[in-house]
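The following exercises are to be worked through with the sequence and the coordinates at hand. Each task is followed by a solution in steps.

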Amino acid sequence: MRKRIKPKRIKKDNLLISLAVFVFFVIIFAGIVYKNHGYTKQAFGLENEAVSIDNKLTSTASKMPNQPLALETCQDNDEGMNFEVQSTVSIYSDQTILRSYQDYCQANGSNVVVEYTCQNNQPQMGYHYCLNGCVSGACKPAPGKGTIYVIHAVDTEEMGLDPKQQINTLNLSNYGPGSDVEYVLSEPYRNVNRDSFGGKIKLSWFLMNDEAYCQSTQADCNIIHTTMRQYTQKAKAYGDTYSWHYHHQDWNDLNNDGIFFWNQLLTFNQTPYTHGTDVELAEKMLASQILDQQFYPSLIRMGWVWENTDFSNWLDDILPYDFSNLAPMYNNQSTSDGIGNVYDWRRALANWSAYHPSSSDYQLPGNLKRQVFKCGGSLADVFNAFNLANQGQDVLICTYIHSNYVYFDRYSWLNSLHEVIRRYPEVKYKFVNALEGIHIMQNIIDEQAPSANVNRQGEVYTLITNEPLFAYPFGAIKKPDGSYARIKPQVLEPVISGTSYGWTFNLAGLDYSEFAIGGSDQSGNTFVTQKYLD
Ligand SMILES: [Ca+2]
Ligand SMILES: [Ca+2]
Ligand SMILES: [Ca+2]
Ligand SMILES: [Ca+2]
């Protein structure tokens, strides 16, 4: 249900300081900077803003049919001028989001947050000076006690794949009207789960793919992503993110008794399996995401939280942020048929610090580029985080759940969080999505995806970006037989020319039907180019 928005909802203890700062700001800028624009055709300033924000949300708002103004309703997800929460104002017609406006920091290094509100059912924008700086579209809380930033990861899967059956019909009943997934993307769920700043819960959706999905009767490796598309606008409006959950498995017969299973794979060194080598299987999942979903992830939670050092080294050229660490847990099963849920994080950091892994041991800190974050833990881990925050340190914590739990009620962490909060009444906690949490913790202000232009000359494609990438870009092809593969650029290091970065892909002699390129900048903002046909 969408209701009329309550007036300003600013916490009492922040009210005076907010007012003082606001007045100061208005004086300094002599009333020039603070503007209220109604959304009208004449308000070019806001219309420009709307376009850029819609782009940021990768919303399809501009393609939606224009509805008569009278039917539109305005919803402000942080309910007024809540400067410490990054949120979104959305214009609805019935249940459809026509346009969205997300709070943002005015400019790189600026302390000014641009805050959206609803007035008279229309979006309004205003500027507010943040005393402690602006990051990820919100003012940073006052120093003193640390703040706990809480990520809720959702491993987003089908229900009940039978590992003894080669071709499954995937059960997607947890999605669609009346489903659990739809419920957690609705106001009743978001409204009751609030952080210390009044912000609604945010979910970080890790969308699963694997070879068993490719081989299902639905024959869609990315069927979860396909299914979640109906929620993309809503999820973005709540500040959720989509990223990658990959189960490394193939259909094989480990003990050669003629009975096959979907078995977890424990290698990543070009070992051949039924549907390709271990490396090809993973690269197929990325290539199919790029070509069929126009999507490139910057975060991952590995299926069964499995990694080994070979895999970790490969992943280091894919994406910057990895939430697979479940230290100090491990699980060794027998390695006969039916293998699954094998992982080892015994040697990894068990506190909440991120680390760059070592190229000789994925569990130890070292020389690699990406960062590994712990996700999941015990009540003691939560107490540990609040204890650190009580001593003045900001802490990023993460919990995960599967999308097929009823109403996600087994978010036991929400309950344990409340228990912990009673012991640390002065420590505040804030719900963030995974990328937002990293950006706040590491003071990363780049939230802009790279511009990515392709110059094609015959079968030679040159990708030009306007900023460095996290790693070399991922070229994806689909072959005429329907298979997918990765194409690496000819030279992995970019050719730098002024402020542009170039990589060349030579597809001459390759039999392909589609080609596209995906990648991430150094802050986890991703792009996918258009598709090119042979
Ligand atoms: Ca607002
Ligand atoms: Ca806000
Ligand atoms: Ca067997
Ligand atoms: Ca960027």
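**Exercise 1. A disulfide and its handedness**

Which residue forms a disulfide with Cys 214, and how far apart are their sulfur atoms? Determine also the handedness of the link and the burial of its two residues.

Solution. The model is a predicted one.
Step 1. The partner of Cys 214 is Cys 221, and the two sulfur atoms lie 2.1 Å apart.
Step 2. The angle about the S-S bond of Cys 214 and Cys 221 is 125 degrees, and the link is right-handed.
Step 3. Cys 214 and Cys 221 are both buried.

**Exercise 2. The disulfide count and two further pairs**

State how many disulfides there are, give the pairing pattern, and characterise the links of Cys 74 and Cys 105.

Solution.
Step 1. A disulfide is a covalent bond between the sulfur atoms of two cysteines. The count here is 5 disulfides.
Step 2. When the bonded cysteines are numbered in sequence order, the pairing reads 1-3, 2-5, 4-6, 7-8, 9-10.
Step 3. Cys 74 is joined to Cys 118, with an S to S distance of 2.0 Å. This pair connects distant parts of the chain, 44 residues apart: Cys 74 belongs to strand S1 (residues 72-76) and Cys 118 to strand S5 (residues 112-119).
Step 4. Because the torsion about the S-S bond of Cys 74 and Cys 118 is about -80 degrees, this disulfide is left-handed. Cys 74 and Cys 118 are both buried.
Step 5. Cys 105 is bonded to Cys 134, with the sulfur atoms 2.2 Å apart. Here too distant parts of the chain are linked, 29 residues apart: Cys 105 lies in strand S4 (residues 104-105) and Cys 134 in strand S7 (residues 134-135).
Step 6. The torsion about the S-S bond of Cys 105 and Cys 134 is about -90 degrees, and the disulfide is therefore left-handed. Cys 105 is buried, as is Cys 134.

**Exercise 3. The calcium ion (ligand 2)**

Which atoms coordinate the calcium ion (ligand 2), and why is their arrangement irregular?

Solution.
Step 1. The coordinating atoms come from Asp 78 (OD), Asn 82 (O), Val 85 (O), Asp 103 (OD) and Glu 115, the last of these appearing twice (OE and OE), at 2.2 to 2.7 Å.
Step 2. Along the chain, the donors of the calcium ion (ligand 2) have the spacing D-x3-N-x2-V-x17-D-x11-E.
Step 3. Six donors count as octahedral if opposite donors are over 155 degrees apart and all others between 65 and 115. The 6 donor atoms around the calcium ion (ligand 2) subtend angles of 51 to 174 degrees, so the arrangement is irregular.
Step 4. Buried means under 20% relative accessible area. Asn 82 has 7% relative accessibility and therefore counts as buried; Val 85, at 5%, counts as buried as well.
Step 5. Asp 78 also bridges to the calcium ion (ligand 1), which lies 4.2 Å from the calcium ion (ligand 2).

**Exercise 4. The calcium ion (ligand 3) and its surroundings**

Identify the protein donors of the calcium ion (ligand 3), and describe the contacts of Asn 252.

Solution.
Step 1. Asp 253 (OD), Asn 255 (OD1), Asp 257 (OD), Ile 259 (O) and Asp 337 (OD) are the protein donors, at 1.9 to 2.4 Å from the calcium ion (ligand 3). Their spacing along the chain is D-x1-N-x1-D-x1-I-x77-D.
Step 2. Asp 253 has a relative accessible area of 13% and is buried, whereas Ile 259, at 48%, is partly exposed.
Step 3. Asn 252 is located in strand S12 (residues 249-252). Asn 252 is buried, at 9% relative accessibility.
Step 4. Leaving aside residues up to four places away in sequence, Asn 252 touches residues including Ile 259, Phe 260, Tyr 273 and Asp 337.

**Exercise 5. Aromatic rings**

How many aromatic pairs does the structure hold, and why does the pair of Trp 251 and Phe 260 count as stacked?

Solution.
Step 1. There are 19 aromatic pairs.
Step 2. The ring centres of Trp 251 and Phe 260 lie 6.0 Å apart and the planes meet at 25 degrees, so this pair is stacked.
Step 3. Trp 251 is buried, with a relative accessible area of 9%, while Phe 260 is partly exposed, at 32%.
Step 4. One aromatic cluster is formed by Phe 206, Tyr 321, Phe 323 and Phe 373.
Step 5. Arg 190 lies over the face of Tyr 238, 4.4 Å from the ring centre. The charged end of Arg 301 is placed over the ring of Tyr 400, at 4.2 Å from its centre.

Conventions. Residues are numbered from 1 along each chain as its sequence is written. Chains are lettered from A and ligands numbered from 1 in the order in which they are written. This is a predicted model: local features need pLDDT of at least 70, side-chain atom pairs count only at pLDDT 80 or more; totals for chains, interfaces and linings use all residues. Side-chain values use heavy atoms; hydrogens and water are left out. Donors are N, O and S atoms within 2.8 Å of the metal (3.2 Å for Na, K and Ca); water is not among the atoms, so sites may look incomplete. Four donors count as tetrahedral if all angles lie between 85 and 135 degrees; four count as square planar and six as octahedral if opposite donors are over 155 degrees apart and all others between 65 and 115; anything else is irregular. Buried means under 20% relative accessible area, exposed over 50%, partly exposed in between (1.4 Å probe, protein chains only). Helices (H or I, at least four residues) and strands (E, at least two) are DSSP runs, numbered from the N terminus. Contact means heavy atoms within 4.5 Å. A disulfide is a pair of cysteine sulfur atoms within 2.5 Å. Rings of Phe, Tyr and Trp (its six-membered ring) pair if their centres lie within 6.5 Å; planes under 30 degrees apart count as stacked, over 60 as edge-to-face and the rest as tilted. A charge sits over a ring if NZ of Lys or CZ of Arg is within 6 Å of the ring centre and within 35 degrees of the ring normal.
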